[in-house]
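Colleague: Could you take me through how two chains meet in a model?

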2 protein chains.
Amino acid sequence: MVTIRSNIRAMSGYVPGEQLNDPDIVKLNTNENPYPPSPRVFEAIRAALTSDSLRKYPQPLGDTFRRAAGRVLGVDPDSILIGNGSDDILTILTRTFVPEGGLIASPSPSYILYKNLAEIQGARFVKVPFTADWRLGENWPKADLAFLPNPNSPSGTVVDSNTIERIATQVNVLVLDEAYADFAGSPLRSEDFASRPNLIRTRTLSKSYSLAGIRFGFAIADPAMVRELIKVKDSYNCDVLSLAAATAAIEDQDYFRERRAKILATRARMAAELAKLGFDVTPSEANFLWCRTAKPMKPIYEELKRRKILVRYMNYDGYDGLRISVGSDAEIDRLLTELRAIL
Amino acid sequence: MVTIRSNIRAMSGYVPGEQLNDPDIVKLNTNENPYPPSPRVFEAIRAALTSDSLRKYPQPLGDTFRRAAGRVLGVDPDSILIGNGSDDILTILTRTFVPEGGLIASPSPSYILYKNLAEIQGARFVKVPFTADWRLGENWPKADLAFLPNPNSPSGTVVDSNTIERIATQVNVLVLDEAYADFAGSPLRSEDFASRPNLIRTRTLSKSYSLAGIRFGFAIADPAMVRELIKVKDSYNCDVLSLAAATAAIEDQDYFRERRAKILATRARMAAELAKLGFDVTPSEANFLWCRTAKPMKPIYEELKRRKILVRYMNYDGYDGLRISVGSDAEIDRLLTELRAIL
């Protein structure tokens with residue numbers, strides 16, 4: 001009889017958003033970017049596609065990416081930790097700071113993966129509730145690690161810097177999960193970490209750089225902290241092609257800004273149109289909208305799915321709604337047409 | 001003051017083999033394959049290089065790879081767990097079976113990463129010594145998890161199936177780390193896992209399929225076990241390009257066998273020539289040779305490095321030697337020429 005750790009045996013596992021293969025489907029459920037990555041990404045991958053780069057191990061710390069990202073974002077390259085998606089980064093952070101029986105805190109409703117990270121680590125998990133208007137209270141538990149998605153999912157709302165400061169003084173380490181921060185325009189500054197060594201920011205290229213398929217994320221933290229995190233990561237956690245893609249993507253800021261502007265424009269139009277349809281739409285600084293109505297929400301999700309539009313139905317202990325990614329204008333037009341027919 | 005777990009703070013971290021950028025260097029230190037990957041790998045990556053595949057999330061479980069590998073290796077696709085390199089798999093296994101304060105065992109001298117995995121998990125680590133002729137004793141501790149590299153590094157030696165059976169009865173879970181098994185010709189059979197549910201085998205495409213750069217490994221275990229391991233892995237731990245590359249590589253068995261035969265032929269010649277030079281060369285079933293002489297070993301490593309040949313100097317509490325990867329014939333000729341000049 002094999003003994004599996006009881007915390008693993010007991011957990012149900014994170015269920016990612018549906019990945020349907022049907023090319024006809026309008027996929028608005030996992031916050032992928034509707035636009036292709038920069039043409040420079042394709043060039044960089046093709047250039048990296050050599051026998052030598054495939055057969056040899058990649059750069060363990062991703063120094064080329066770190067230098068490029070440091071230059072573009074205005075941070076010290078040594079403050080950057082590369083990850084196989086930001087999920088990898090969140091796992092590394094959990095393992096570095098949270099002992100078995102330790103405590104992870106995060107707001108609620110929020111990204112449900114944090115609870116799974118606590119379960120895998122054999123740690124306790126405490127939810128800090130958002131207020132009805134998506135603000136956070138003053139009192140946080142003395143957690144080993146707190147995850148604060150900023151902007152938050154499913155709400156798309158942002159917590160202000162004063163609140164962040166207050167939380168940071170109460171927890172051991174505060175991770176700002178900035179997967180969607182590029183849509184809110186939060187700058188990264190090395191100074192923030194110099195003054196506040198227990199603050200760590202995480203970023204992903206999945207959403208704002210259209211690279212969910214290649215798995216690349218990174219953390220920004222005090223360089224002394226990064227040196228500890230490096231001990232915990234797998235030696236070669238990012239592959240040679242994703243490193244090339246990520247470097248090219250982050251270097252093409254003109255392309256990034258142009259596509260970002262399109263998504264923000266679509267988001268504004270989409271929010272206005274969904275409100276006209278009777279949805280209560282939370283003002284979002286991310287690439288998705290959290291939509292609720294007095295009507296039952298799950299049948300709307302199901303009817304949309306039947307009509308080949310996939311959105312994310314989310315239910316937090318009875319508080320439910322639809323999280324709808326900001327797609328292309330054509331995709332959103334189709335969504336709106338179908339919703340008008342359904343409602 | 002940030003609290004980092006004491007086990008992390010105390011550890012020094014795994015140091016991977018040197019990755020020098022000098023294109024003139026003959027790199028025989030990290031057991032990379034000297035030959036390019038199959039041409040089909042390049043085709044598959046180019047075919048997967050579309051806007052949609054980059055911007056969308058990849059298959060969470062790698063179903064296309066699992067079906068292909070299942071067919072080629074003759075195992076149930078549901079018995080396969082995909083990993084971002086076999087390091088990712090070893091991490092997942094550690095987290096599934098080893099609680100904080102638990103016990104990991106592995107033979108010694110062996111792959112030094114296992115000790116780091118124990119340190120990161122906050123677990124104890126026990127070494128079981130090999131005999132002088134690289135066999136393993138009868139008595140193993142009741143470990144939560146035992147790692148047995150087969151073939152072993154640095155020796156390249158294989159442990160017979162009777163010994164494996166005996167170890168498996170003594171530990172909770174036995175992981176056969178078969179990173180080099182393709183060079184020994186160990187078949188994979190689903191039956192082995194049906195009869196022995198605490199046995200898990202891990203494989204990598206880094207060495208035998210020339211894909212160290214793309215990071216892809218997998219485990220084979222009882223499907224019920226794989227379902228537990230899936231809970232612990234990151235949702236999207238393998239990217240779309242590495243999945244495409246791995247699938248194409250494992251499907252091209254003709255290419256694989258041809259390159260494998262070349263490496264085995266070079267290995268035989270290299271072993272004979274190194275023996276003529278006075279080295280004690282352990283008979284190897286991997287793509288490297290463990291070489292020792294009565295002379296001090298480290299100066300030989302250093303002199304080779306000065307001459308732009310990089311081998312791995314390893315020192316296990318005073319028992320030291322050179323682990324030299326089986327390169328191309330031209331690379332090994334250069335190694336032998338330089339060694340003749342040095343010795």
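Modeller: The following turns discuss the interface and then the symmetry. This is a predicted model, in which local features need pLDDT of at least 70 and side-chain atom pairs count only at pLDDT 80 or more, while totals for chains, interfaces and linings use all residues. Residues are numbered from 1 along each chain as its sequence is written, chains are lettered from A in the order in which they are written, and side-chain values use heavy atoms, with hydrogens and water left out.

Colleague: How many residues of chain B are in contact with chain A?

Modeller: In chain B, 72 residues are in contact with 72 residues of chain A, where contact means heavy atoms within 4.5 Å.

Colleague: And what area is buried between them?

Modeller: About 6200 Å² is buried between chain B and chain A, and carbon and sulfur atoms give 56% of that. Buried area is the accessible area (1.4 Å probe) that two parts lose on being put together, summed over both. On the chain B side, B:Arg55, B:Tyr57 and B:Arg95 lose the most area to chain A, together 13% of what that side buries.

Colleague: How many salt bridges cross the interface?

Modeller: The rule, a side-chain nitrogen of Lys or Arg within 4 Å of a carboxyl oxygen of Asp or Glu, finds zero salt bridges between chain B and chain A.

Colleague: New topic: what turn lays chain B on chain A?

Modeller: A turn of 180° with a shift of 0.0 Å along the axis does so, at an RMSD of 0.0 Å, superposing by least squares on the C-alpha atoms of residues with pLDDT of at least 70 in both copies. The two copies are therefore related as by a two-fold rotation axis.

Colleague: Which residue of chain B comes closest to that axis?

Modeller: That is B:Glu100, with its C-alpha at 3.1 Å.
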